[in-house]
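User: I'd like to go through this model with you and ask how each label is earned. Could you take me through the reasoning?

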Amino acid sequence: TGPTDTCSPCPGDQVSAPDGKSCIACAAGSYVNPAGNCEKCAPGTYSDTVGAASCTSCPEGTYSATLGATSCQKCGVGHFSNSPDATSCTMCHPGSYNDQVGMTACTLCPEGKFAPGSASMACLDCAPGSYSNETGSSTCTPCPVAEYQDGTGSESC
C-alpha cells in the first residue's frame, strides 16, 4: 500500500508530536489549548496531571507565581491570599497577624496588644506605662499624666 493522503486526529488529551508521526500528551504544568497545542498554565493556575484539558485555579490561601506550575504553594506565616488565581500572597497589615501557613485572612490583634509592622507572625504586649483599648492596633498609647500601668498587655491605665 502507498502513503495516505489524510492525517488521523489525536485523541482529545493529546497533541501531535513535533515530527508529526505520533501523538503525545501535554506534560504536567500545561494543557491542550483550543488550537490543539500544549500551552503552559498561567501564573495563579496549575496542572498536576499529564494530558490535562485545562489548568486549575490555585485555591484561596495558596499562590503560583510561575508559568507552567504543577502545584500551588501555601502562603507563609504573616501573609494571606483571599482570592483564587493568586500569583502572590499579601502581607498582613500593621495591627494584624497570621501564625499559620495557607491562610485566607489575618487576625486583628486583641486589646492590650499591637503589631507595629507588616507581615507580623504574632502580636506584642503593650509595655508597662502604655495600653491599647482597640483591636487591630499598630501602636500602644502612653498612659495619660497622673495615671500609670505597671503590667504588660494592658487595655487601660
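Analyst: Gladly; this is a predicted model, and we can set each value against its cut-off.

User: What makes the overall shape of the protein chain differ from a compact globule?

Analyst: For 157 residues, a compact globule would have a radius of gyration near 15 Å, whereas the protein chain has 27 Å. The spans tell us more: along its principal axes, the C-alpha trace covers about 105 × 15 × 15 Å.

User: Which secondary structure elements does the protein chain have?

Analyst: There are 16 strands and 0 helices.

User: How much of the protein chain is buried, and what does it expose?

Analyst: Buried residues account for 27% of the 157, where buried means under 20% relative accessible area. The chain exposes about 9,300 Å², with carbon and sulfur atoms supplying 52% of that.

User: Why is the pair Lys-113 and Asp-125 called a salt bridge?

Analyst: The cut-off is a side-chain nitrogen of Lys or Arg within 4 Å of a carboxyl oxygen of Asp or Glu. For Lys-113 and Asp-125 the N to O distance is 2.5 Å, so the pair meets the definition. In general, side chains of opposite charge can pair when their charged atoms come close. A search of the whole structure finds 1 salt bridge.

User: Where do the two partners sit in the chain?

Analyst: Lys-113 belongs to strand S13 (residues 113-114) and Asp-125 to strand S14 (residues 124-125); the pair links distant parts of the chain, 12 residues apart.

User: Why are Lys-113 and Asp-125 both called partly exposed?

Analyst: Partly exposed is the range between the buried cut-off, under 20%, and the exposed cut-off, over 50%. Lys-113 has 27% relative accessibility, so it counts as partly exposed. Asp-125, at 37%, therefore counts as partly exposed too.

User: What makes the phi of Ala-119 worth a look?

Analyst: Ala-119 is not a glycine, yet its phi is positive, about 65°. As a general rule, most residues other than glycine have a negative phi. Ala-119 lies in the loop between S13 and S14. Its relative accessibility is 21%, so Ala-119 is partly exposed rather than buried, which would need a value under 20%.

User: And how do you know whether Ala-146 is buried or exposed?

Analyst: Exposed requires over 50%; Ala-146 has a relative accessible area of 82%, so it is exposed. This residue lies in the segment after strand S16 (141-142). Ala-146 also has a positive phi, about 75°, although it is not a glycine.

Methods
Residues are numbered from 1 along each chain as its sequence is written. This is a predicted model: local features need pLDDT of at least 70, side-chain atom pairs count only at pLDDT 80 or more; totals for chains, interfaces and linings use all residues. Side-chain values use heavy atoms; hydrogens and water are left out. Helices (H or I, at least four residues) and strands (E, at least two) are DSSP runs, numbered from the N terminus. The radius of gyration is taken over C-alpha atoms; the globule rule is 2.2 Å times the number of residues to the power 0.38. Buried means under 20% relative accessible area, exposed over 50%, partly exposed in between (1.4 Å probe, protein chains only). Accessible areas come from the Shrake-Rupley method with a 1.4 Å probe; for residues, only the protein chains shown count as cover.
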